[in-house]
Amino acid sequence: MLSPSRSVLLASVYSGTDPEELREFFASFAYASLNHLTDLFICIDGPISDEIVFIISLLESDSSFEMHVMSNANNLGLAISLNRMLIASLRLGYSIFYRADTDDLLHPHRLLRQYEFLVANPEVDICGTWYYIVPAYRAIRLPVDNSEIKKKFSSGLAIAHPTVAFKYS
């Protein structure tokens, strides 16, 4: 069985990150991580404002979870930043990974439910969730059946990247 302490959420900040959204994201992560012990990996993608640096430093100094921060000297983009965090996380021994953007809010039980699902279903390597568009609170319901997900991959959104959880074994 995989250890819950070896799971990590990957997120990136950049010059366009909104400080208030970042505060709300961190608050939702902190609450969700109380329900399921997981760590946080942040990539600072290029130069960012002093306010964003301050928010990150506050969280680093006052958190109940392990937090890793890496920086890119220049903005390399989300894909490269995520790949860098994933490689570093694998080297640190993480085996379950979650994604969210720093303008997202995590459901309080998302991390726990996805972890339990991945552990209970060893044949499953990746899962996602439905999500809401805020402030309209419009529900986006993605396929839940494996065959429907496979069909949807060729024509549109099958798993929303800010809701994904996957494992490495």
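Okay, let me start with Arg 99, which is buried, at a relative accessible area of just 4%. Keep in mind that this is a predicted model. So what does a buried arginine side chain pair up with here? Arg 99 meets the side chain of Asp 101 in a salt bridge, 2.5 Å from N to O. And Asp 101 counts as buried too, at 19% relative accessibility. That one only just makes it, because buried means under 20%.

Let's widen the view a bit. How many salt bridges does the structure hold? Five. I'll walk you through some of the others.

Next up is Asp 39, which forms a salt bridge with Arg 6, and there the closest N and O atoms are 3.8 Å apart. This pair links distant parts of the chain, since Asp 39 sits in strand E2, residues 39-45, while Arg 6 is in the segment before strand E1, residues 7-13. In sequence they're 33 residues apart. Buried or exposed? Asp 39 is buried, with 6% relative accessible area, whereas Arg 6 comes out as partly exposed at 25%.

Now over to helix H5, which covers residues 146-153. Here we've got Lys 151 in a salt bridge with Glu 148, and the closest N and O atoms are 3.0 Å apart. Where do the two sit relative to each other? They're three residues apart in the helix, so about one helical turn separates them. As for exposure, Lys 151 counts as exposed, at 53% relative accessibility, and Glu 148 as partly exposed, at 36%.

And then there's a little network: Glu 20, Arg 23 and Glu 51 are joined into one by salt bridges that share partners. If you've got the structure open, have a look at those three together.

Last thing, the charges outside the bridges. Which residues form the negative surface patch? That would be Asp 18, Glu 21, Glu 24 and Asp 103. Take Asp 18 as an example: you'll find it in the loop between E1 and helix H1, the helix being residues 19-35. Asp 18 is partly exposed, with a relative accessible area of 33%. Why does that let Asp 18 into a patch? Because patch residues need over 30% relative accessible area and no salt bridge.

So, to recap: a buried pair in Arg 99 and Asp 101, a link between distant parts of the chain through Asp 39 and Arg 6, a bridge within helix H5, the Glu 20, Arg 23 and Glu 51 network, and a negative surface patch that includes Asp 18. That's me done, thanks!

Notes:
Residues are numbered from 1 along each chain as its sequence is written. This is a predicted model: local features need pLDDT of at least 70, side-chain atom pairs count only at pLDDT 80 or more; totals for chains, interfaces and linings use all residues. Side-chain values use heavy atoms; hydrogens and water are left out. A salt bridge is a side-chain nitrogen of Lys or Arg within 4 Å of a carboxyl oxygen of Asp or Glu. Helices (H or I, at least four residues) and strands (E, at least two) are DSSP runs, numbered from the N terminus. Buried means under 20% relative accessible area, exposed over 50%, partly exposed in between (1.4 Å probe, protein chains only). Patches are made of residues with over 30% relative accessible area and no salt bridge: like charges are joined within 9 Å, nonpolar side chains (Val, Leu, Ile, Met, Phe, Trp, Tyr) within 5 Å. Accessible areas come from the Shrake-Rupley method with a 1.4 Å probe; for residues, only the protein chains shown count as cover. Lys and Arg count as positive and Asp and Glu as negative; His and the chain ends are not counted. The place of a charge is taken as NZ of Lys, CZ of Arg, CG of Asp or CD of Glu.
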